[in-house]
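Work through the exercises below with the structure open. Try each task before reading its solution.

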Amino acid sequence: MKHIFFALVVWLLPMYSFSNNLSNGSILTILTQSIGDGKSGYTGHYAVTRSLLEGLHKIGVPFKYNPRRIEDVTETVYVLSDINALYQAIDLKRAKKIKKLLAGPCIMVRSNEFNRVLASPEIDTYIVNSEWTYKGYIEDEPSLENRLKIWYVGVDVDYWQPMNSRHVEKTNNVLVYWKTESEGFCQQVEDTLRRCNFNPMRIRYGSYSKEQYKQVLTEVDFAVFISRSESQGIALAEAWSMDIPTLVWDPQEPFVVCNKLFWPISAAPYLNKSVGISWKNMTEFEETLSAIRTQLEQFSPRDWVSKNMSDEVSAQLLLTIVQNATGA
């Protein structure tokens, strides 16, 4: 019940505006829409906005979120998403109404979009999600090289919490998280799981609620992810927080993004030996499945996420980037 109450309080906070409640001592204005747009709630990329605002709130850092008036903007502005908000913040910097401007990562896919606005000298720091997106941004816009920082969003480890230890009972159920590739490929993955005496439970990206996703994660021993590339992989982190190891299809093949080849790429930039393993083809996948039952207890995904990718940890990382940019 306390988790439901906390979630309700956090959901309502933006409607009453953090800028009204935390104006005294605020060091940062966060924009996910143009100043004066008037939309309430978490705008922009919901999961990213939610994690940052709740994370800062949990670690006790005051900030202003989508103020309605330019007069309420602090000297440091962070445009988390919305290209029009970025244009507006650049104009404010040129008019000397703000001193420092940070932006990203939920504004554009490639750094040379929107007439190369990211080359604007008014942007002090631009934030990307991972190492491979960092390299791609510099490739498209070399002027960013000394202004790019990597930051990853967190997850709510209190919500994404397993009901029981996954070591207590083996179900043979396996989540198949299907985001990209043909249904035929997804079916091939599921057929391989069945041959290895596992029961696949399919979830398709964009067609489930977080409650449905969490429920499935309580019923499986591990998960298989089918997604050719991820700038970070929030759904992966949610599974890890539920203590579910992941077998990630990561073909490591060049990928076309916005009509241009993107290389290198990753299907799971933060995959590591604590949270799961990757595989490139069906032969390697079947070999992995043949040994996975004896390997499951070697993983500790929830412990890793709690220490490295919670809302609080993520917010502190962002705060460090802001402090470095401002010299605070």
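**Exercise 1. Pairing of β7**

Task: In this predicted model, find how many bridges pair β7 with strand β8 (residues 199–204), and in which sense.

Solution.
- Step 1. Count the bridges. Six of them link β7 and β8, and the pairing is parallel.
- Step 2. Fix the register. Asn173 of β7 stands opposite Asn199 in β8.
- Step 3. Trace the connection. β7, helix α7 (residues 183–195) and β8 form a β-α-β unit, and the unit is right-handed.
- Step 4. Look for another partner. β7 also pairs with β9, in the parallel sense, over five bridges. Here Val174 stands opposite Phe222 in β9.

**Exercise 2. Burial of β7**

Task: Decide why β7 can be called largely enclosed by the rest of the structure.

Solution.
- Step 1. Set the cut-off. A residue is buried under 20% relative accessible area.
- Step 2. Apply the cut-off to the strand. Six of the six residues of β7 are buried, so β7 is largely enclosed by the rest of the structure.
- Step 3. Split the strand by direction. Asn173, Leu175 and Tyr177 point one way, Val174, Val176 and Trp178 point the other way, and all are buried.
- Step 4. Zoom in on Val176, a residue of β7. Its relative accessibility is 0%, so Val176 counts as buried.
- Step 5. List what touches Val176. Neighbours within four places in sequence are left aside. The contacts are Cys186, Val189, Glu190, Leu193, Pro200, Met201, Arg202, Ile203, Val224 and Ile226.
- Step 6. Take one of these pairs. Val176 and Leu193 are 17 residues apart in sequence, and their C-alpha atoms are 9.6 Å apart in space.

**Exercise 3. The six-stranded sheet**

Task: Which strands stand at the edges of the open sheet of six strands, and why is one side of each left without a neighbour?

Solution.
- Step 1. Write down the order. The open sheet runs β2-β1-β3-β4-β5-β6, with parallel pairing.
- Step 2. Read off the ends. β2 (64–65) and β6 each have a single partner strand, so one side of each has no neighbour in the sheet.
- Step 3. Move to strand β5 (residues 125–128). Strand β4 (residues 100–106) pairs with β5 in the parallel sense over two bridges. Leu102 stands opposite Thr125 in β5.
- Step 4. Turn to β6 (residues 148–150). Three bridges join β5 to β6, and the two strands run parallel. Val128 has Ile150 as its bridge partner in β6. For Ile127, the bridge partner in β6 is Lys149.
- Step 5. Check the link. β5, helix α6 (residues 131–140) and β6 make a right-handed β-α-β unit.
- Step 6. Check the faces of β5. Thr125 and Ile127 are buried on one side, and Tyr126 and Val128 are buried on the other.

**Exercise 4. Two residues at 0%**

Task: Establish whether Ile30 and Thr49 are buried or exposed, and find what touches each of them.

Solution.
- Step 1. Place Ile30. Ile30 is in strand β1 (residues 29–31). Its relative accessible area is 0%, so Ile30 is buried.
- Step 2. List the contacts of Ile30 beyond four places in sequence. They are Leu52, Leu53, Leu56, Phe63, Lys64, Tyr65, Asn66, Tyr78 and Leu80.
- Step 3. Add a distance. Ile30 and Leu102 are 72 residues apart in sequence, with 9.5 Å between their C-alpha atoms.
- Step 4. Place Thr49. Thr49 belongs to helix α3. The relative accessible area is 0%, so Thr49 is buried.
- Step 5. List the contacts of Thr49, again without residues up to four places away. They are Thr32, Tyr42, Thr43, Gly44, Tyr65 and Leu80.

**Exercise 5. A covered helix and a surface patch**

Task: Find what covers the buried residues of helix α9 (residues 234–241). Then find which residues form a nonpolar patch with Val256.

Solution.
- Step 1. Count. Eight of the eight residues of α9 are buried.
- Step 2. Identify the cover. It includes α3 (46–58), β7 (173–178), α8 (210–217), β9 (222–226), β10 (246–249) and α11 (301–308).
- Step 3. Look past the helix. Asp243 follows α9 and has a positive phi, near 70 degrees.
- Step 4. Go to the surface. Val256 lies in strand β11 (residues 255–257). Val256, Leu261 and Trp263 form a nonpolar patch, with about 300 Å² of accessible area together.

Key: Residues are numbered from 1 along each chain as its sequence is written. This is a predicted model: local features need pLDDT of at least 70, side-chain atom pairs count only at pLDDT 80 or more; totals for chains, interfaces and linings use all residues. Side-chain values use heavy atoms; hydrogens and water are left out. Buried means under 20% relative accessible area, exposed over 50%, partly exposed in between (1.4 Å probe, protein chains only). Helices (H or I, at least four residues) and strands (E, at least two) are DSSP runs, numbered from the N terminus. Contact means heavy atoms within 4.5 Å. Patches are made of residues with over 30% relative accessible area and no salt bridge: like charges are joined within 9 Å, nonpolar side chains (Val, Leu, Ile, Met, Phe, Trp, Tyr) within 5 Å. Accessible areas come from the Shrake-Rupley method with a 1.4 Å probe; for residues, only the protein chains shown count as cover. A salt bridge is a side-chain nitrogen of Lys or Arg within 4 Å of a carboxyl oxygen of Asp or Glu. Two strands pair if DSSP finds at least two bridges between them. A crossover is right-handed if, with the strands pointing away from the viewer, the path from the first strand over the helix to the second runs clockwise.
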